[in-house]
Amino acid sequence: MNGLFFEPVVKVKPVKFLSLSAGFNVTYLVKSKFHQEEAITKPSSGVTFIDSSGNDTYSRVRNVFDGDIPNVNRFQFFVVSRIGVEFPLSKQWEFKLAPEISVYLPLVNFAKDISWKISKFSLGASLKFSPPPPKKKNRFEEKIYQIDTIILKTNLEPPLRFKKGKETISETVTENDETIVKTIRINRRDTIFTYHEKKLQARLELFAIDSLGN
């Protein structure tokens with residue numbers, strides 16, 4: 001028999017090494033042929049069949065038939081149950097050997113108008129590889145301020161004594177096996193205005209003037 005199937009299952013792991021699954025299977029039969037024969041198995045030699053006339057056929061096999069199974073239900077439905085175990089092949093369980101047993105219990109007859117159901121059992125094993133999860137790294141963030149200051153002297157009194165410059169921000173990330181560090185650099189250039197007041201310098205001299213203006 002050949003067919004296509006759809007098989008959703010739910011798997012649970014009550015313990016680390018044991019898995020239990022349950023679900024259903026829908027199979028569409030593409031081909032359903034049969035082979036039938038009657039054979040003598042014991043004794044292993046010296047005995048053969050005779051035909052309807054009593055003549056020796058010199059054959060240990062008879063009633064051989066091949067053909068298609070009539071009135072087959074193309075859609076077959078099964079309840080699926082499965083149990084599997086895992087045996088570690090490495091210390092961290094990256095490599096595992098996982099044997100598994102599956103049981104398929106039929107819900108419909110294999111052929112129409114005949115009480116004939118086919119149960120299936122399967123046994124298999126698989127070699128599994130699960131890479132270890134990446135180690136969680138510690139994350140840090142640091143801010144570095146780089147501020148330059150310009151002092152500007154002026155003879156006129158400025159409206160502001162301080163002017164904040166425009167900020168430029170850059171980010172870099174460094175990483176090693178244990179940590180991830182995000183560095184934020186903030187650059188700014190400020191201006192400070194200094195005002196020098198003008199000073200009046202004068203000298204006073206006293207002297208007398210006569211009637212002639214001398």
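**Exercise 1. Find the strand that holds Lys-96, and decide whether this residue is buried or exposed.**

Step 1: Look up the position. Lys-96 belongs to strand S8, which covers residues 95-106; strands here are DSSP runs of E with at least two residues, numbered from the N terminus. Residue numbers start from 1 along each chain as its sequence is written. You are working with a predicted model, where local features need pLDDT of at least 70, side-chain atom pairs count only at pLDDT 80 or more, and totals for chains, interfaces and linings use all residues, while side-chain values use heavy atoms and leave out hydrogens and water.

Step 2: Check the accessibility. Lys-96 is buried because its relative accessibility is 10%. The cut-offs are under 20% relative accessible area for buried, over 50% for exposed, and in between for partly exposed (1.4 Å probe, protein chains only).

Step 3: List the neighbours. Leaving aside residues up to four places away in sequence, Lys-96 touches Glu-86, Phe-87, Pro-88, Leu-89, Ser-126, Leu-127, Lys-128 and Ser-130. A contact means heavy atoms within 4.5 Å.

**Exercise 2. Work out which residues form salt bridges with Arg-82.**

Step 1: Start with the rule. A salt bridge needs a side-chain nitrogen of Lys or Arg within 4 Å of a carboxyl oxygen of Asp or Glu. There are 13 salt bridges in the structure.

Step 2: Take one partner. Arg-82 pairs with Glu-7 at 2.9 Å, N to O. This pair connects distant parts of the chain, 75 residues apart: Arg-82 sits in strand S6 (residues 75-85), and Glu-7 in the loop between strand S1 (2-6) and strand S2 (9-15).

Step 3: Add another partner. Glu-100 also meets Arg-82, at 3.7 Å, N to O. Here strand S8 is linked to strand S6 across 18 residues.

Step 4: Compare accessibility. Arg-82 is buried at 13%, whereas Glu-100 is partly exposed at 28%.

**Exercise 3. Describe the salt bridge between Lys-137 and Glu-175, then name the residues of a salt-bridge network.**

Step 1: Give the distance. The two side chains meet at 2.5 Å, N to O.

Step 2: Place the partners. Lys-137 lies in the loop between strand S9 (120-129) and strand S10 (138-154), and Glu-175 in strand S12 (residues 168-175), 38 residues apart.

Step 3: Classify them. Lys-137 is partly exposed at 25%, and Glu-175 is exposed at 54%.

Step 4: Turn to the network. Lys-13, Glu-86, Lys-96 and Lys-128 are joined into one network by salt bridges that share partners.

Technical notes. Helix = DSSP H or I, 4+ residues; strand = E, 2+ residues; numbered from the N terminus.
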